[in-house]
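Biologist: Could you take me through this one, a piece at a time? I'll ask as we go.

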Amino acid sequence: MEVKGIILRVSQFRDFDCMVTLLTETGFVSFLARGVKKMTSKNAYLVNTFNFVNVCLMKGKDGYFLKNGKLLSSYPNAKKDIEKLSTLDFISELTNLFVLKDECHNIFPVLLKTLELLEANIDPKMMSLLYFAKILKYSGYSIEVNCCQKCHKTSDIIAFSINDGGFICRECFDSSNSIKLNPTTLKEIRYIFMVDIDNFNKVIFPKNDSIFISLFSV
């Protein structure tokens with residue numbers, strides 16, 4: 001069978017073989033890539049994490065194995081420095097931990113767009129936040145950013161609470177499980193969780209913006 005997808009994981013299997021996990025629009029596909037650790041392997045160039053590939057797989061008695069394939073993109077610029085590699089590691093862990101088969105059709109285009117924008121030098125921290133927000137949405141952990149999670153009031157929002165699942169107003173604020181944030185940061189958080197993937201490249205905040213600390217510390 002022919003499958004198009006993004007390589008999420010490559011694990012060594014025996015001396016020269018690898019087990020590969022591919023994210024596709026319809027689910028996860030795992031296959032054995034025989035001999036790809038050999039210098040003479042014709043498929044070695046295909047089997048790298050976050051390569052976008054079109055592969056031809058054959059069915060064997062123990063599952064699928066790689067026959068051949070075509071590299072659609074390797075995103076070399078997205079893999080060239082520590083900050084971007086850290087972002088890719090974070091994205092990989094999120095995807096492997098949270099994404100189920102039924103959610104792949106939603107996550108696949110988000111991951112593809114994220115790789116394209118990292119390749120185009122969009123800020124890695126911002127891409128981490130945007131991908132994180134989409135993972136939460138499609139995995140059923142959506143955060144409410146349109147109203148207070150306790151009283152549903154849409155005005156006088158002053159805080160953010162992971163325990164309550166979103167924004168908190170002044171009247172409902174409890175310092176023991178909420179973090180008070182300034183109005184600018186609250187607007188930025190709302191935008192991050194509301195923006196569609198076609199506008200990912202338009203999300204630009206200062207690199208020292210408190211939002212990068214706020215979202216990963218709550």
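Biologist: Which residues of α2 are buried?

Modeller: Bearing in mind that this is a predicted model, the buried residues of α2 are C104, I107, F108, V110, L111, L112, T114, L115, L117 and L118.

Biologist: And what do those buried residues pack against?

Modeller: They pack against four strands, namely β1 (2–13), β2 (17–23), β3 (28–33) and β4 (52–60), and also against the helices α1 (82–98) and α3 (124–138).

Biologist: How many residues does α2 have, and what does it reach from its first C-alpha to its last?

Modeller: Helix α2 covers residues 104–119, which is 16 residues, and its span from first to last C-alpha is 22 Å, close to the 22 Å expected at 1.5 Å a residue. The helix is followed by N121, which has a positive phi near 70 degrees.

Biologist: Which residues other than glycine have a positive phi?

Modeller: F50 is one of them, with a phi of about 70 degrees, and H152 is another, with a phi near 70 degrees. F50 is found in the loop between β3 and β4, whereas H152 is in the loop between α3 and β6.

Biologist: Is F50 buried or exposed, and what about H152?

Modeller: F50 counts as buried because its relative accessible area is 4%, which is under the 20% cut-off. H152 counts as exposed because its relative accessibility is 54%, which is over 50%.

Biologist: Switching to the sheet with β6 in it, what order do the strands take?

Modeller: The order is β7-β6-β8, in an open sheet of three strands with antiparallel pairing. Since β7 and β8 stand at the edges and each has a single partner strand, one side of each is left without a neighbour in the sheet.

Biologist: How many bridges join β6 to β7?

Modeller: Four bridges join these two antiparallel strands, and F160 stands opposite F167 in β7. Lying across β6 and β7 is helix α4 (residues 183–194), which runs at about 55 degrees to β6.

Biologist: Staying with β6, why does I158 count as buried?

Modeller: I158, which lies in strand β6 (residues 157–161), counts as buried because its relative accessible area is 8%, under the 20% limit. Apart from neighbours within four places in sequence, I158 is in contact with I168, C169, R170, F173, I179, K180, L181 and L186. The C-alpha atoms of I158 and N182 are separated by 7.0 Å, although these residues are 24 residues apart along the chain.

Biologist: Where is S178, and what does its side chain make a polar contact with?

Modeller: S178 lies in the loop between β7 (166–169) and β8 (179–180), and its side chain makes a polar contact of 3.1 Å with the side chain of N177. S178 is counted as buried because its relative accessibility is 7%, under 20%. Setting aside neighbours within four places in sequence, S178 is in contact with A159, F160, S161, D164, I168 and F173.

Biologist: Last one, back to β1: which residues is F13 in contact with?

Modeller: Leaving out neighbours within four places in sequence, F13 in strand β1 is in contact with C18, M19 and L32. F13 counts as partly exposed because its relative accessible area of 32% falls between the 20% and 50% cut-offs. The C-alpha atoms of F13 and V195 are separated by 40 Å, with their positions 182 residues apart along the chain counted as the distance apart.

Key: Residues are numbered from 1 along each chain as its sequence is written. This is a predicted model: local features need pLDDT of at least 70, side-chain atom pairs count only at pLDDT 80 or more; totals for chains, interfaces and linings use all residues. Side-chain values use heavy atoms; hydrogens and water are left out. The expected span of a helix is 1.5 Å times one less than its number of residues. Buried means under 20% relative accessible area, exposed over 50%, partly exposed in between (1.4 Å probe, protein chains only). Contact means heavy atoms within 4.5 Å. A polar contact is a pair of N or O atoms within 3.5 Å; within protein, one must be able to donate a hydrogen and the other to accept it, and residues adjacent in sequence count only if both atoms are side-chain atoms. Two strands pair if DSSP finds at least two bridges between them. Axes are lines fitted to C-alpha atoms, for helices over the stretch in contact, and angles run from 0 to 180 degrees between N-to-C directions.
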